[in-house]
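Visitor: Got a minute to walk me through this one? I'd like to poke around a few spots and ask as I go.
Guide: Sure, let's have a look at it together.

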Amino acid sequence: MMRFTFVLSALFIGLLAAVLHQSVAADANTAGTPAWGSYNVTNSNGSICLMAVMGLQLNVSYHSASDNKTVASVINLQPNTTSASGDCETETATLILSSDWADGQKTNLTFVFSLNTTSKKYHLSGVNLSAVLLDMKDPPLLVGNPTLNYLPGTLDHSYMCRDQQTLTVTQGFSIHTYQLHVQPFGYNREFGPAEECQLDMDDMLIPIIVGAALAGLVLIVLVAYLIGRKRSHAGYQTI
């Protein structure tokens, strides 16, 4: 029985180590976490129709002029050098983030959201990037995808993802979002009720799973102790 308890203890420690390793690995980022920015789009009467609060990191591959090969670049969007514009329609909403750096780099990042007026569901349906980066051969870089299906939400509700989330746009272009909170449709002075991403819900489950496993382990150890004590007592009575 004691050997069985030891095996369960080892399994629990392994589970806990795996969970912690996964959490640390998800947070590892050589470029650092991008600054948190607030961006909005206004309609014709000056009211905000799209609101987004988030940190954005671009991971993009391009052809280097000096190296004459494809290189990967990681770019954190800086809110203080990024301006927001766009457009809000009944079934589509567009957010354009234009960034200018002192070293001459420029990016124009466009998010396109689509709303199904029948189901009242929306999602991020397209992303486009135009970029002029250091040492880029034949700028600008133009890359995008109009057939995406990210950030799903319901009309009059917002979409939230506190955890780091990766939006793969093309093979050579992806976006990491941090502390994302966005509402492209039905925004009325403040965010509507938030619909959280699966990553956040998984993070909430991890403490519950670990706690349940720990409680089970404590119970097994207690039962093993009581059984062992009972056997010892029975042995004394036989003598």
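Visitor: Ser130 first. Is Ser130 buried, partly exposed or exposed?
Guide: This is a predicted model, and in it Ser130 has a relative accessibility of 25%, so Ser130 counts as partly exposed.

Visitor: And where is Ser130 found?
Guide: Ser130 is part of strand E7.

Visitor: What is Ser130 in contact with, leaving aside its neighbours within four places in sequence?
Guide: Six residues turn up: Lys106, Thr107 and Asn108, plus Pro140, Leu141 and Leu142. For Thr107, the C-alpha atoms are separated by 5.7 Å, although Thr107 and Ser130 are 23 residues apart along the chain.

Visitor: Pro140 caught my eye. What kind of peptide bond joins Pro139 and Pro140?
Guide: A cis one, with omega at about 0°. Pro140 itself sits in the loop between E7 and strand E8, which covers 141–145.

Visitor: OK, backbone oddities then. What's phi of Lys120?
Guide: Phi of Lys120 is near 65°, a positive value in a residue other than glycine. You'll find Lys120 in the loop between E6 and E7. Its relative accessible area is 41%, so Lys120 is partly exposed.

Visitor: How about Gln179, what's phi there?
Guide: Phi of Gln179 is near 50°, again positive in a residue other than glycine. Gln179 lies in a strand, E12. Its relative accessibility is 41%, so Gln179 counts as partly exposed.

Visitor: Switching topic: how many cavities of 30 Å³ or more does a search of the whole structure find?
Guide: One. Its volume is about 50 Å³.

Visitor: Which residues line that cavity?
Guide: The lining is made of Met54, Phe111, Phe113, Leu151, Leu167, Thr177, Leu180 and Val182. Two elements give two or more residues each: strand E6 (106–116) and strand E12 (173–183).

Visitor: Which element gives the largest share of the lining?
Guide: That's E12, with three residues.

Visitor: And by class, what does the lining of the cavity look like?
Guide: Seven nonpolar residues, one polar and no charged ones.

Visitor: Now aromatics. How many aromatic pairs does the structure hold?
Guide: Two. In one of them, the rings of Tyr122 and Phe185 have their centres 5.9 Å apart and their planes at 50°.

Visitor: Why does the pair of Tyr122 and Phe185 count as tilted?
Guide: Because the planes are at 50°, and tilted is the class for angles that are neither under 30 degrees nor over 60.

Visitor: Where do Tyr122 and Phe185 lie?
Guide: Tyr122 is in strand E7, residues 121–132, while Phe185 is in the loop between E12 and strand E13 (194–196). So the pair ties together parts that are 63 residues apart in sequence.

Visitor: Are those two buried or exposed?
Guide: Both sit under the 20% cut-off for buried. Tyr122 has 2% relative accessibility, so Tyr122 counts as buried, and Phe185 counts as buried at 4%.

Visitor: Which residues form the aromatic pair that is edge-to-face?
Guide: Tyr187 and Phe191, at 5.8 Å centre to centre and 80° between the planes. Tyr187 counts as buried at 13% relative accessibility, whereas Phe191 is partly exposed, with a relative accessible area of 23%.

Visitor: Zooming out: how many helices and strands are there in the protein chain?
Guide: Two helices and 13 strands. The chain has 239 residues, of which 35% count as buried.

Visitor: And what share of the contacts with a separation of 6 or more comes from residues 24 or more positions apart?
Guide: 55% of them in the protein chain.

Visitor: Last thing, confidence. What is the mean pLDDT of the protein chain?
Guide: The mean is 83, and 70% of the residues reach 70 or more. Over residues 4–13 the pLDDT is below 50, and that stretch has ten contacts in the model beyond near neighbours in sequence. Residues 15–28 are also below 50, with four contacts in the model beyond near neighbours in sequence.

Visitor: So how should the predicted coordinates be read where pLDDT is low?
Guide: Not in detail.

Notes. Residues are numbered from 1 along each chain as its sequence is written. This is a predicted model: local features need pLDDT of at least 70, side-chain atom pairs count only at pLDDT 80 or more; totals for chains, interfaces and linings use all residues. Side-chain values use heavy atoms; hydrogens and water are left out. On a 1 Å grid over the protein atoms alone, a cavity is a set of points where a 1.4 Å probe fits but cannot get out, and a pocket is an open set with protein on both sides within 12 Å along at least five of seven lines; lining residues have an atom within 4 Å of a point. Grid points are joined across faces, edges and corners, and a volume is the space filled by probe spheres set on the points. Helices (H or I, at least four residues) and strands (E, at least two) are DSSP runs, numbered from the N terminus. Ala, Val, Leu, Ile, Met, Phe, Trp, Tyr, Cys and Pro count as nonpolar, Asp, Glu, Lys and Arg as charged, and the others, Gly among them, as polar. Rings of Phe, Tyr and Trp (its six-membered ring) pair if their centres lie within 6.5 Å; planes under 30 degrees apart count as stacked, over 60 as edge-to-face and the rest as tilted. Buried means under 20% relative accessible area, exposed over 50%, partly exposed in between (1.4 Å probe, protein chains only). pLDDT is the predictor's confidence in each residue, from 0 to 100. Contact means heavy atoms within 4.5 Å.
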